[in-house]
Amino acid sequence: MNLESKLVWMNGELVPQEKAVVPFLTPALHYGTAVFEGMRAYGTPQGPAIFRLKDHVTRLFSSARIFGFLELPWTEEQVIAGSKAVVRENGFIECYVRPLIFAASGHMGLNLLGITPGLGIAAWEWKGFVSPEAEAKGLRANVSSFTRHHPNVMMTKSKLAGNYGNSVLARTESARLGFDEAIMLDPTGLVAEGTGENLFVVRKNVIYTPHRTMVLEGLTRDSVITIARDFGLEVREEPLTRDQLYVADELFVCGTAAEVLGIRELDFRPIGTGSRGPITAKLAEAFRRAVTGGEKKYLDWLDYCKAIVAP
Ligand SMILES: Cc1ncc(COP(=O)(O)O)c(C=O)c1O
């Protein structure tokens, strides 16, 4: 059983979880009119820290602007402080942190004018995104029969709750077929991303990933690109086709929930040696060190939840 927040930050104050509830006639519940973030706190030598907190909160406000929540009664600083408070006051060391801005009240029409937004921040312990075996050896994945969003249908740069119907279709189909994850193609037929992760290909020691145009600008993606380039590896952002995935030496996905996970098989074709590849393993381990405060170079990515007292 996962441990959930006993205290939830609702509209500016921490309240007990049972008070952090919304009425049935909440517009967001009916139309997916909410934007959210997924962040993680990790245990570090300086106590729990949220990885790339400021960047996540900036993306939350960008998602709101893209969707059209134009006047919000909170600042980014308040959401940053609220996120740290949720981790700290619930006594979490490692947890997933979820801020959500939602259409809370006003009317039940399909129009954001006259809607009052609400903002909640909760956290929960989320261990084991995949089985230890899949983590060590890599995932088995399929290319989804569902297409990723066209960027002028649903905004792919916004973590809009309604967007995730598409991910749920793909992930459910994938699970029913017996796979661990689905890879989605964009409306032109090029490779886009996973259902909640960005995708990378390794071929002849060069790392490739689709350009940012059609996908969510993942913060793990950005961190992995930085780490890979710091290792002296070449990273190219360019269009990728489905068959390029089949002949990759290594494939991996990355995201806040998944971290860095190899793909060992795609559409029944073994990828590379059919196990997690060496570059994927190196990046996954370096990413783990970065999020847990083990790499001096990346300490700026950590926002500590407790005040740091000088020794
Ligand atoms: C569709 C999609 N792509 C990519 C990602 C990875 O983004 P991040 O690394 O910022 O978690 C996510 C997760 O937020 C996602 O939902």
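**Ligand shell, helix packing and selected residues**

The largest share of the shell around the ligand comes from helix α6 (residues 219-230), which supplies three residues. The structure described here is a predicted model. The residues surrounding the ligand are G38, E193, G196, E197, N198, L216, G218, L219, T220, R221, G255 and T256. Sorted by class, this shell holds seven polar, three charged and two nonpolar residues. Glycine is counted among the polar residues in this sorting, and the shell includes G38, G196, G218 and G255.

Helix α6 also takes part in a helix pair. Two packed helices are described by the angle between their axes and the distance between the axes. For α6 and helix α8 (residues 278-291), the angle is about 110 degrees and the axes are 10 Å apart. This makes α6 roughly perpendicular to α8, because angles of 65 to 115 degrees are placed in that class. The crossing of α6 past α8 is right-handed. On the α6 side, the contact is made by S223, V224, I227 and A228, and these meet L283, A286, F287 and A290 in α8. The residues of this contact comprise seven nonpolar and one polar, with no charged residue.

A second helix pair is formed by α2 (53-67) and helix α3 (residues 76-89). The axes of α2 and α3 come within 10 Å and cross at roughly 130 degrees. Helix α2 is therefore oblique to α3. The angle of roughly 130 degrees falls outside the range of 65 to 115 degrees for roughly perpendicular axes and is not over 145, the limit for roughly antiparallel ones, so the class is oblique. As for handedness, α2 passes α3 in a right-handed crossing. The residues of α2 in this contact are L53, K54, V57, T58, L60 and F61, and their partners in α3 are E76, V79, I80 and S83. By class, the contact of α2 with α3 has six nonpolar, two polar and two charged residues.

Backbone angles were examined next. Most residues other than glycine have a negative phi. R52 is not a glycine, yet has a positive phi of about 55 degrees. This residue lies in the loop between β5 (47-51) and α2. R52 is buried, because 23 C-beta neighbours lie inside 10 Å and 20 or more are required for that class. N205 likewise has a positive phi, near 65 degrees, and is a residue other than glycine. Its position is in the loop between β11 (198-203) and β12 (206-209). N205 is exposed, since 10 other C-beta atoms lie within 10 Å and the class covers residues with 12 or fewer.

Several further positions were described by their surroundings and by C-alpha distances. Y246 is found in helix α7 (residues 242-246). This residue counts as partly exposed, with 14 C-beta neighbours inside 10 Å. When residues up to four places away in sequence are not counted, Y246 touches L266 and R269. Y246 and G272 are 26 residues apart in sequence, and their C-alpha atoms are 8.8 Å apart in space.

H107 is located in the loop between β6 (95-105) and β7 (116-124). With 13 C-beta neighbours inside 10 Å, H107 counts as partly exposed; the count lies above the limit of 12 for an exposed residue and below the 20 needed for a buried one. In sequence, H107 and T26 are 81 residues apart, while the C-alpha distance between them is 8.7 Å.

Two loop positions were paired with residues at other separations. G178 lies in the loop between α5 (164-176) and β9 (181-185). This glycine is exposed, with 8 other C-beta atoms within 10 Å. The C-alpha atoms of G178 and E234 are separated by 34 Å, and the two residues are 56 residues apart along the chain. T273 lies in the loop between β16 (269-270) and α8. T273 counts as exposed because 12 C-beta neighbours lie inside 10 Å, and a count of 12 or fewer defines that class. Between T273 and M10 there is a separation of 263 residues in sequence and a C-alpha distance of 49 Å in space.

Definitions and conventions:
Residues numbered from 1 in each chain as written. Predicted model: local features only at pLDDT ≥ 70, side-chain atom pairs only at ≥ 80, totals over all residues. Near = placed C-beta within 6 Å. Helix = DSSP H or I, 4+ residues; strand = E, 2+ residues; numbered from the N terminus. Axes fitted to C-alpha atoms, helices over the stretch in contact; angles between N-to-C directions. Parallel < 35°, antiparallel > 145°, perpendicular 65-115°, else oblique. Left-handed = near helix turned anticlockwise from the far one by under 90°. Contact = placed C-beta atoms within 7 Å.
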